[in-house]
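Trainee: Could you take me through one part of this model up close, the run of paired strands in the first chain, and show me how that part sits in the rest? I'd like one connected walk-through, please.

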Amino acid sequence: MAIRVFVVLFILLSSSYTISSLYEDQVGLMDWHQQYIGKVKHAVFHTQKAGRKRVVVSTEENVVASLDLRRGEIYWRHVLGAGDVIDQIDIALGKYVITLSSAGSTLRAWNLPDGQMAWESSLSGSKPSNSFLLVPGKSEKDTVIIAYGNGCLHAISSVDGELLWKKELDEGIEIQQLVQPFGSELIYAVGYIGSSQFAAYQINADTGDLLKYESEASPGGFSGEIVLVSGETFVAFDATQTHLVSVKIRNGKISFQQTHISNIVDNLSGKATLLQSKLAGIFGVNVGTYTTFVKVTDEGQFVVLSKTSHAAALSDVLPISDGHFAFSIIQLDGDKIQQTVKDVEDWGNDFLIERIDMTEKRGLVHKVFLNNYIKTDRSYGFRALVVMEDHSLLLLQQGEIVWTREDGLASIIDVTTSELPIEKQGVSVAKVEQTLFEWLKGHLLKVKGTLMLATPDEVAEIQKIRLQSSGKSKMTRDHNGFRKLLIVLSKSGKIFALHTGDGRIVWSQLLRSLQKSEGCEFPVGLNLYHWQVPHHHALDENPSVLVVGRCGSKLDNPGVLSVVDVYTGNEVNPWGHVHSISQVVPLPFTDSTEQRLHLLIDTHGNAHLYPTNTEALEIFQREFTNVYWYSVEADTGIIKGHTLKSTCTLEVEDKYCFSSRDLWSIVFPSESEKIIATVTRKPNEVVHTQAKVMAEQELMYKYISKNLVFVATVTPKASGEIGSATPDESQLVVYLIDTVTGRILNRMVHHGSQGPVHAVFSENWVVYHYFNLRAHRYEMSVIEIYDQSRADNKDVLKLIVGKHNLTSPVSSYSRPEILTKSQSYFFAHTVKVVAVTSTAKGITSRHLLIGTVGDQVLALDKRFVDPRRTANPTQAEREEGLVPLTDSLPIIPQSYVTHGLKVEGLRGIVTIPTKLESTSLVFTYGVDLFFTRIAPSKTYDSLTEDFSYALLLITIFVLLVAIFVTWYLSEKKELEEKWR
Amino acid sequence: MEKGKGVTIGRRWAIDFTDSSTSPSSRDIPDPPGFSRVSVELDDSSLSRQKKDAESNWKLQKAWEVAQAPFKNLMMMGFMMWMAGNTVHLFSIGITFSALWQPISALQGVGKVFEPFKDKKVDLLGPKLLFIALNLGGLALGVWKLNSLGLLPTHASDWVSSLPPAQEVEYSGGGIPL
């Protein structure tokens, strides 16, 4: 009986939880979803047969996709996992897309029209190696696919993926190319043995028998990759990188020819690289900013053909029907791109030269894929798929850009937001009248809809009005703060501003400072920070963001700093290359122009202050003694705290540079603990109150400190995949550490658990997700931190007259007494990322946003992860909203923020507060982008969007009329009464 | 005096019950049989004194009655409050506020309530005090109810629930190297 009562109560209670679900017709009203594919690595056209012309691409985000050639839309798309890198793609039998992935160990066939997987076979081997894919011929009778991977050659039937034969090549050979001459039944596998031996295998494609094996030592040795020039000629650099070596295999004999590079390229400046394009008899050498084309004669001699004036990208050679071969050279010349389609046989003969205007800066051309078609007048037309430096994809045809795809957005590194400009005064009367009319019409339609009087046409109209309602894509600030700019930094060094209303790109800019330049070979973007957020006295200035990057991937490479104006996308104050950057500490101070002070720590432990002006220096010197920082060295298992000492002692005097000294350090025992995760609170998070009121008016004080870090460590043995360690030898330890004093506030051990740990830290609590090896399930734990030293502040009289020190500034050195409460629950999902909603004042209750392994975002009420939950809460606790304890967290299908959509390759969730306290904006990115807004406690502070104002007005009007009518009637009656 | 005839247009007839004249000849209608007017034939002065005494007694009695009236009200209010329960909702709040409002309005009109019983001979202090005490009792009941609903700021939690977090003196940042 008790159980039944409990169940009924639970159902009643759970039905009262706020579920942020929506109705079918609300999809797309406040959310948008964009699909991308990433930077294209390979492309295969499929245009022979009539019908839908398409191009199949594989990308650096491990996406294999089929695109519409007319508009660039995605027909179908598959995102392989991060560990399943696509090596090569091709089309077999005219109906399958073949992908070789995971370093040559997985071969898959996808059905070309709809993208369904036809078969999959895994190729085993003994050692990791390069991987190659050969899909011989395009005719339908060739059914054998040759794949090389893990040191083995495999022949696979393209019909069903069955392994026909397998041939292990000798150990020690490093295969560089796999060649099958056109129409031949032989396969050549060529490569190096050691650094000077060139080896070639000749294998029968039908049986896998080794026919011939030749090897020959080259006097100069080899380095780098081999370029296939023609069926039996290869070109590579020698070991010193000064000579070009041509290798010829003829009648089973290998012969070498060497030429010094300066014979081919005059005024050699910088490093020469071979272009990896399959051209018949010709190869390209890239030196500095230009490309030289070299023909290899039958004797293996080099003949220089021509030179381009700009850096060029080449396509592979394309056979055109009558024995001709064509390829495309694309060069960037200022703001124009020049496409030249050349005949391989007859160098002077250009099929096509086109110059196309590029309205937008997209950087250099990285890749070209050429395809031809026959025009109505029987001449050849060419279309080229071009991959630019900013990862965008263009289709060039007939001298114009047919379509572009901004696929740089598939690889977002960091996101920040900015307010839009304030709306200017002065709206024309005509506009008002028109909008008034529209407004009235819209509302009349809505009333009809509510009263179920609308025809289907009108219903469609209502939906349309709702979609474009309330000017959600306007370029000005709105009352509720829903309209903002999302500033997004992508891997290509391009920065985008997206409008939150409809997700369109407001502007985009390929950052000059994050482009390849002298002294900065491989610049990478790292992070975005708010640089200037003007309000109050600096309103006439545009807000700006600080872009932090680095030249190369090493920590001690020089850093790159740039400030970007958020409204225009211009680089305002690029410092260019500076000292190395290992940490960026945004300080809570701003100067008079609202520029935020930042402390950049270099690898020597010196702190550099930005912006570099005297006012900032003054402000900083005032707070000099109160600024600390800490560094986490995950490899050595040390966390160190630092404080500032004095100005730097450098050769060049720099008053914005400060040296530092170590203050404390925590050394984790390296044999038992390895740091796998650290989480801190968001620096801009707002907390409404320090007190937590519980049932029976009980009071607890939260321990709210921004100087706390949550650290999770696991046994080194268990730091790998789940299941790599037994429960007995694996444990997870979590710490709460004060980053000013280095005090460990809390330490907790989860025996038999291991990572990966995903955690979120907000207010006074941490929620983290890990794997419990004993229970074979994922778990989520919560730690709430309370300040016990404030607990005595319970005298009402003292509180009334304000005689308490609850709001006076606190120091981390005051040794607060901490009380932690903790609880763990099972959680069914594998988690990729965890975030929490944030609101303007921090009053609204919070939801955890969990990015699941299915690339969806689940909103979980924080009430479910409350350490005060008990199996049988008292009446008062129930009234307070405490949920009875269950062993696992509920997953309510309606609370998926992403409803039916998937954010493929989910990597991050960003929450942004709006002016409306109840509402929080959520931006989710991965390969796809998804944006929505959620109200964890429902929109208690505003009427719903589809609220019928017209109905309200009509009701008021009718009531007023009724009042006047009845008043008149009663007056009349009274008068009659008097006359009687 | 025209008896039996309506003075105003609306009246057809009227009887004046206060007519105390002794001579039956002055009437149109003879006295009913067995009716004697001897009883009222008393001494004028003693009659008026007696009458006044009776009136003041009656007034005092009435005043006490009026003074005790809130008690019934109190009982009823208590019952209603008990019925309303201790959760905050429309009904319990309505009851509580009416329980607070009634005594206050009654206390405001103490003079008015006892106006009709005002007399030189009648000592109204007792009833008035009782009336005030009972109403104060009602008020206390209302306040107690308010408190039990949790609407009175008597707990520490009511005073610190919107207290912002204390500022921190130190500032620290950093983490894993970028």
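**Strands and hairpins in chain A**

Mentor: Chain A has eight helices and 64 strands in its secondary structure. Bear in mind that this is a predicted model. The radius of gyration of chain A is 34 Å, close to the 30 Å that the globule rule gives for 980 residues, so chain A is as compact as a globular protein of that length. Its C-alpha trace spans about 125 × 80 × 70 Å along the principal axes. Of those 980 residues, 52% count as buried. As for contacts in chain A between residues at least 6 apart in sequence, 51% of them join residues at least 24 apart. The chain exposes about 45000 Å², and 53% of that comes from carbon and sulfur atoms.

Now for the close look. Let's start with β11(A), residues 144-149. Five of its six residues are buried, so the strand is largely enclosed by the rest of the structure. Buried here means under 20% relative accessible area. Who are its partners? On one hand there's β10(A), residues 132-134, which pairs with β11(A) in the antiparallel sense over three bridges. If you want a residue pair to click on, A:Leu134 has A:Ile146 of β11(A) as its bridge partner.

The other partner is β12(A), residues 152-157, and here the antiparallel pairing with β11(A) runs over six bridges. Look for A:Gly149 standing opposite A:Cys152 of β12(A). These two strands make a hairpin with two residues between them. In that turn, A:Asn150 has a positive phi of about 55°.

Keep following the chain and you get another hairpin. β12(A) is joined by five bridges to β13(A), residues 163-168, and the two run antiparallel. A:His154 faces A:Lys166 of β13(A) across that pairing. Five residues lie between β12(A) and β13(A) in this hairpin, and A:Gly161 in the turn has a positive phi of about 80°. That makes β12(A) a strand with antiparallel pairing both to β11(A) and to β13(A). As background, strands of a sheet pair through backbone hydrogen bonds, either parallel or antiparallel.

Next along comes an open sheet. Four strands line up in the order β14-β15-β16-β17 of chain A, with antiparallel pairing. The edges are β14(A), residues 173-179, and β17(A), residues 210-217; each has a single partner strand, so one side of each is left without a neighbour in the sheet. From one strand to the next, the twist averages 20°. At the β14(A) edge, six bridges pair that strand with β15(A), residues 186-193, in the antiparallel sense. A:Leu178 has A:Ala189 of β15(A) as its bridge partner.

There's an open four-stranded sheet further on as well, in the order β22-β23-β24-β25 of chain A, again with antiparallel pairing. Its edges are β22(A), residues 272-274, and β25(A), residues 302-307; with a single partner strand each, they have one side left without a neighbour in the sheet. Here the twist averages 30° from one strand to the next. Three bridges join β22(A) to β23(A), residues 282-287, and the two strands run antiparallel. For a landmark, A:Thr273 has A:Asn286 in β23(A) as its bridge partner.

To see how a helix meets strands in this chain, jump to α5(A), residues 614-622, where A:Ala616, A:Leu617, A:Ile619 and A:Phe620 are buried. Those four cover an arc of only 165° around the axis, which puts them on the same side of α5(A). Helix geometry helps here: an α-helix has 3.6 residues a turn, so residues three or four places apart point the same way. The face turned away from the buried side of α5(A) carries the exposed residues A:Glu618 and A:Arg622. And what do the buried residues of α5(A) pack against? A set of strands of chain A: β43 (583-590), β44 (596-601), β45 (607-610), β46 (627-633), β47 (638-647) and β48 (657-667).

Finally, a quick glance at chain B for context. It has five helices and one strand, running α-α-α-α-α-β from the N terminus on. Buried residues make up 22% of its 178 residues. The accessible surface of chain B comes to about 12500 Å², with 63% belonging to carbon and sulfur atoms.

Note on methods: Residues are numbered from 1 along each chain as its sequence is written. Chains are lettered from A and ligands numbered from 1 in the order in which they are written. This is a predicted model: local features need pLDDT of at least 70, side-chain atom pairs count only at pLDDT 80 or more; totals for chains, interfaces and linings use all residues. Side-chain values use heavy atoms; hydrogens and water are left out. Two strands pair if DSSP finds at least two bridges between them. Axes are lines fitted to C-alpha atoms, for helices over the stretch in contact, and angles run from 0 to 180 degrees between N-to-C directions. Buried means under 20% relative accessible area, exposed over 50%, partly exposed in between (1.4 Å probe, protein chains only). The radius of gyration is taken over C-alpha atoms; the globule rule is 2.2 Å times the number of residues to the power 0.38. Contact means heavy atoms within 4.5 Å. Accessible areas come from the Shrake-Rupley method with a 1.4 Å probe; for residues, only the protein chains shown count as cover. The arc is that of the directions from the helix axis to the C-beta atoms.
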